[in-house]
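I opened this notebook page to record what I looked up in the model, beginning with the pockets and then turning to the helices.

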Amino acid sequence: MRVPFNRVASPTAVESARSTLAALTVFVGTAGLAAAAARPGLLALVDQHAAAVRDSLDGDRRPLTAAALAGYAEGVRAAALEHGWAPSRGSVDWSAPEWPLTRLVAVCALARSLERS
């Protein structure tokens, strides 16, 4: 079976996606996932967001990839910025995180699950 050229991810694209997810993890994922581990309510919220991300990426029918997650995260970030959201420069109040922040933490959780499999 032959795969069309535009369907094959180049090593550069894969590395770029992984780099995007690594930067996102440093920016928000590590702290957000640690906060979620300590707060059951936040963990449930992140899990709900992760399920929504998986659904929107058709994750039940095809495997999630780093490229799909990185693209999704970039889209969330761009849309949030267009609507006036600004990432927090200081510490985050994890008792009531903003929607974009929670969604990005969920992407980090899904990316972490890719690394384990």
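For sorting lining residues I count Ala, Val, Leu, Ile, Met, Phe, Trp, Tyr, Cys and Pro as nonpolar, Asp, Glu, Lys and Arg as charged, and the others, Gly among them, as polar. I note that this is a predicted model, in which local features need pLDDT of at least 70 and side-chain atom pairs count only at pLDDT 80 or more, while totals for chains, interfaces and linings use all residues. Residues are numbered from 1 along each chain as its sequence is written, and side-chain values use heavy atoms, with hydrogens and water left out.

Pockets. I looked up the largest pocket (on a 1 Å grid over the protein atoms alone, an open set of points where a 1.4 Å probe fits, with protein on both sides within 12 Å along at least five of seven lines; lining residues have an atom within 4 Å of a point). Its lining divides into 7 nonpolar, 2 polar and 3 charged residues, and R18, L64, C108 and E115 are among them. Helix 4 gives the largest share of this lining, 5 residues.

Helices. I find 4 helices and 0 strands in the protein chain, where helices are DSSP runs of H or I with at least four residues and strands are runs of E with at least two, numbered from the N terminus. In helix 4 the buried residues (under 20% relative accessible area, 1.4 Å probe, protein chains only) include P100, L104, C108 and A111. Across the protein chain, buried residues make up 32% of the 117 residues.

Definitions and conventions:
Buried < 20%, exposed > 50% of the residue type's maximum accessible area, 1.4 Å probe, protein only.
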